[in-house]
Every structure is written in C-alpha cells, then in structure tokens.
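User: Please take me through one part of this model closely. Start at one residue, then follow its surroundings outwards.

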Amino acid sequence: MVKQGPIPAFLHSLIEYVAGVALIAAPLLLDYESSAATAASIILGVLVLFLVATTTSTMSLINQVPLSMHIVFDYVIAAVLIASPFLFGFSHESTPTGIFIAAGVVWLLLSIGTR
C-alpha cells in the first residue's frame with residue numbers, strides 16, 4: 001500500500017506536526033489581511049495536527065485512523081491547500097496565496113515521497 005519513497009514515515013509525521021503548528025502560526029506572524037485566509041490556515045493547521053495525532057503510527061498520540069485513510073487525507077489536504085486561495089476568495093493577497101500553494105505542493109511531494 002505505501003510506496004518506497006526516500007522519506008521515512010517518522011520524518012513524515014514530524015514534518016506534519018511542524019506544518020500544523022506553522023499553519024496555525026502563519027496568519028498571526030505574517031498578519032494576513034484576509035480573514036478567510038486566516039480562518040483557512042488555522043482550521044487546516046488544527047485538522048493536520050488532529051490527523052497526525054490520531055493516525056496509527058509511531059508518532060501518534062491515539063492510534064485510531066488507519067494509515068490508508070491518512071494517505072487519502074494527505075492528498076485531500078494538498079488539494080485543499082492549493083485550491084484555498086481561489087475557493088475562499090483571497091487569491092488577490094499574495095502572501096497567503098503563495099504560502100498556501102507552496103505548502104500544497106510540498107505536502108503533495110511529501111505524500112508521494114514517503115515510504
């Protein structure tokens with residue numbers, strides 16, 4: 001089920017914890033003008049932290065979400081990150097748009113490259 005990429009699952013989980021915190025902190029540190037960008041960033045950050053903390057893995061706090069579902073959610077999160085500026089109407093604001101699209105691309109590469 002899981003491909004043999006160069007990124008170990010332990011590192012993947014660690015990066016997800018850091019990314020969740022970064023998504024929550026970004027609108028506060030970078031002072032997003034759009035309330036939609038702020039809300040999307042904080043909500044996605046909380047969802048990422050919840051997902052990584054509940055997935056069946058060594059870095060999990062509660063082993064509830066099967067790894068196969070986590071993989072599906074990783075691809076959904078990548079798609080939502082990339083689409084958020086356009087779905088939620090903050091594509092005119094360059095800082096959060098750039099961050100969301102870059103984070104989505106990195107998330108997709110991380111998901112593809114994890115073993």
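Analyst: A close look, starting from one residue

Ala78 sits in helix H3. Helices here are DSSP runs of H or I with at least four residues, strands are E runs of at least two, and both are numbered from the N terminus. The model is predicted, so to speak of local features a pLDDT of at least 70 is needed, side-chain atom pairs count only at pLDDT 80 or more, and totals for chains, interfaces and linings use all residues. Residues are numbered from 1 along each chain as its sequence is written, and side-chain values use heavy atoms, with hydrogens and water left out.

Is Ala78 buried or exposed? Ala78 is buried, because its relative accessible area is 2%. (Buried means under 20%, exposed over 50%, and partly exposed in between, with a 1.4 Å probe and protein chains only.)

What does Ala78 touch? With neighbours within four places in sequence set aside, Ala78 is in contact with Gly104, Trp107 and Leu108. (Contact means heavy atoms within 4.5 Å.) One of these, Trp107, returns later, among the H4 residues that meet H1. Leu30 makes a contrast in distance. The C-alpha atoms of Ala78 and Leu30 are separated by 21 Å, and these residues are 48 places apart along the chain.

Stay in the same helix. Phe73 also lies in H3. Phe73 counts as partly exposed because its relative accessibility is 35%. From its C-alpha atom to that of Ile7 the separation is 18 Å, across 66 residues of chain.

Phe73 leads on to a helix pair. Two packed helices are described by the angle between their axes and the distance between the axes. For H2 and H3, the axes come within 11 Å and cross at roughly 170°. (Axes are lines fitted to C-alpha atoms, for helices over the stretch in contact, and angles run from 0 to 180 degrees between N-to-C directions.) That crossing makes H2 roughly antiparallel to H3. (Under 35 degrees counts as roughly parallel, over 145 as roughly antiparallel, 65 to 115 as roughly perpendicular, and the rest as oblique.)

Which residues make this contact? H2 brings Leu44, Val48, Leu51 and Val52. H3 brings His70, Phe73, Asp74, Ile77, Val80, Leu81 and Ser84. By type, these divide into eight nonpolar, two polar and one charged. (Ala, Val, Leu, Ile, Met, Phe, Trp, Tyr, Cys and Pro count as nonpolar; Asp, Glu, Lys and Arg as charged; the others, Gly among them, as polar.)

Now leave H3 (67-87) along the chain. Glu93 is in the loop between H3 and H4. At 9% relative accessibility, Glu93 counts as buried. Leaving out residues up to four places away in sequence, Glu93 touches Tyr32, Glu33 and Ser34.

Asp31 offers a second loop to look at. Asp31 is in the loop between H1 and H2, the helix of residues 35-54. Asp31 is exposed, because its relative accessible area is 62%. Its phi is near 50°, a positive value in a residue other than glycine.

Next comes H4. Val105 is found in this helix. Val105 is partly exposed, with a relative accessible area of 40%. The C-alpha atoms of Val105 and Ile82 are separated by 7.2 Å, although their positions lie 23 residues apart in numbering.

H4 has a helix partner too. The axes of H1 (residues 9-30) and H4 (residues 94-112) come within 12 Å and cross at roughly 175°. H1 is therefore roughly antiparallel to H4. On the H1 side of this contact are His12, Ile15, Glu16, Ala19 and Leu30. On the H4 side are Thr95, Ile99, Trp107, Leu110 and Ser111. Together they divide into six nonpolar, three polar and one charged.

One last residue in H1 is Ala25. Ala25 is partly exposed, with a relative accessible area of 24%. Ala25 and Ile42 are 17 residues apart in sequence, and their C-alpha atoms are 7.7 Å apart in space.

To recap the route: Ala78 is in H3 and touches Gly104, Trp107 and Leu108. H3 is roughly antiparallel to H2, and H4 is roughly antiparallel to H1.
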